[in-house]
Amino acid sequence: MRNFKDKVVVITGAGSGIGRSLAVQFANLGCHLAIADNSMDALQETEKLISNITNNYSIHHLDVSNRQKVQLFADEVIKNHNDIHILINNAGVTLLDRMEYGNIDEFKWLMDINFYGVIYGVTMFLPYLKNAEEAHIVNISSTFGIMAMPGQAAYNSSKFAVRGFTEALRMELCDTSVNVSCVHPGGIKTSIAKNARRAPGITASTKKDVVEEFNHQAITTSDKAALTIIKGIKKNKKRILIGIDAKIMDLLVRIFPNSYEKILRLENRYRERMDA
């Protein structure tokens, strides 16, 4: 998709991070925006930024884990904008957990948002996207959809699932006007780690250590991530890796699929953290 002017772009999780940066950059490109988030306060902060650029937008309070609400959201978008050309399923959360504690409800909470939120978004908007002469679906996975991390089983599961779903979807839509991209960000300077839910059994001290490590390793800004995604849409890239860390992780897993966790000392680092 070379020309973005007057294209209708739907972005979930637009209240912060990559979603907010995408909203601002698409507004600067002359797009019509339908932005959604589960936090209206955060979404209104994004609105302040884009309202200085364009009047062609709508804001929507949305829980992506609720199928009926996503359907209503799709109906509202079409009512307000008549069309949709780009769908970006960006909303996501994370969870610190250990599977031995058996926190199934916490696991389901995350999957409902990170995975089923993507499924609902694609399902509800796909009929409209297929009517467009040119359209694009962007699903946000993660480097944790490429490699596994201890203490992140739920998040890993959701992001591996998004990756598999997106790759299958792309093949199913290959003869249509809808292109599909899967995005794998590395460490992005957002609040996702700070806002991570701490499952029972995980101490506040452990979360603090994880957040500090994430912030230290997060080397890419959300603005840079958004720019990379937009470039990927322009080039119709099937897979969009964001950040040098994402590229290194992807290469490492490709070369050492059976031993990357030992090379990165993931097991030892996790054990040391739990012992501490």
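D6 is partly exposed, because its relative accessible area is 44% and that falls between the buried and exposed classes. D6 sits in the segment before β1. Its phi is near 70°, a positive value in a residue other than glycine. Most residues other than glycine have a negative phi. The model described here is predicted.

N82 is a second case. N82 also has a positive phi, about 75°, although it is not a glycine. N82 lies in the loop between α3 and β4 (86-89). Is N82 buried or exposed? N82 is exposed, because its relative accessible area of 60% is over the 50% limit.

**The chain as a whole**

The protein chain has eleven helices and nine strands. Of its 276 residues, 49% are buried. Contacts between residues 24 or more positions apart account for 70% of those in the chain with a separation of 6 or more.

**Four residues and their exposure**

The table sets out four residues by place and relative accessible area.

| Residue | Place | Relative accessible area | Class |
|---|---|---|---|
| D6 | segment before β1 | 44% | partly exposed |
| N82 | loop between α3 and β4 | 60% | exposed |
| Q152 | loop between β6 and α6 | 9% | buried |
| D250 | helix α9 | 8% | buried |

**Two buried residues**

Q152 belongs to the loop between β6 and α6. Q152 counts as buried because its relative accessibility, 9%, is under 20%. What does Q152 touch, leaving aside its neighbours within four places in sequence? Q152 is in contact with T94, L95, L96 and F144.

D250 is placed in helix α9, residues 244-255. D250 is buried too, with a relative accessible area of 8%. Not counting residues up to four places away in sequence, D250 touches I146, R239 and L241.

**The second largest pocket**

The second largest pocket holds about 250 Å³ of space. It is lined by 13 residues, and T228, K237, I240, L241 and K247 are the closest to its centre. Two elements give two or more residues to this lining: α8 (222-234) and β9 (239-242). By type, the lining divides into three nonpolar, four polar and six charged residues. L241 appears here again: this lining residue is also a contact of D250.

**Aromatic pairs**

How many aromatic pairs does a search of the whole structure find? The search finds six. One of them joins F4 and F26, with ring centres 5.7 Å apart. Their planes meet at 70°, so the pair is edge-to-face. F4 lies in the segment before β1 (8-11), and F26 lies in helix α1 (residues 17-28). The pair therefore ties together parts that are 22 residues apart in sequence. Both F4 and F26 are buried.

Another pair joins F115 and F165. Their ring centres are 6.5 Å apart and their planes stand at 85°, so this pair is edge-to-face as well. F115 is in the loop between α4 (104-114) and α5 (116-129), while F165 is in helix α6 (residues 153-172). The two are 50 residues apart, and the pair links distant parts of the chain. F115 counts as buried, because its relative accessibility of 15% is under 20%. Ring pairs also join F115 and F165 with Y116 and Y120 in a cluster.

**Nonpolar cores**

The largest nonpolar core has 39 residues. Which of its members touch the most other members? They are V10, F125, L129 and I137. Several elements give two or more residues to this core: β2 (32-37), α3 (67-81), α4, α5, β6 (135-140), α6 and β7 (178-185). The largest share comes from α5, with eight residues.

F125 shows some of this packing in detail. Leaving aside its neighbours within four places in sequence, F125 is in contact with V10, F73, A74, V77, I84 and L87. V10 is thus named twice: as a contact of F125, and with F125 among the core members that touch the most others.

Another core lies apart from the largest one. This core has 28 residues, among them A14, C31, I188 and I233.

Methods
Residues numbered from 1 in each chain as written. Predicted model: local features only at pLDDT ≥ 70, side-chain atom pairs only at ≥ 80, totals over all residues. Heavy atoms only, no water. Helix = DSSP H or I, 4+ residues; strand = E, 2+ residues; numbered from the N terminus. Buried < 20%, exposed > 50% of the residue type's maximum accessible area, 1.4 Å probe, protein only. Contact = heavy atoms within 4.5 Å. 1 Å grid on protein atoms, 1.4 Å probe; cavity = no way out; pocket = protein on both sides within 12 Å on 5 of 7 lines; lining within 4 Å. Points joined across faces, edges and corners; volume = space filled by probe spheres on them. Nonpolar A, V, L, I, M, F, W, Y, C, P; charged D, E, K, R; others polar. Phe/Tyr/Trp six-rings, centres within 6.5 Å; stacked < 30°, edge-to-face > 60°. Core = buried A, V, L, I, M, F, W, Y, C linked by side-chain atoms within 4.5 Å.
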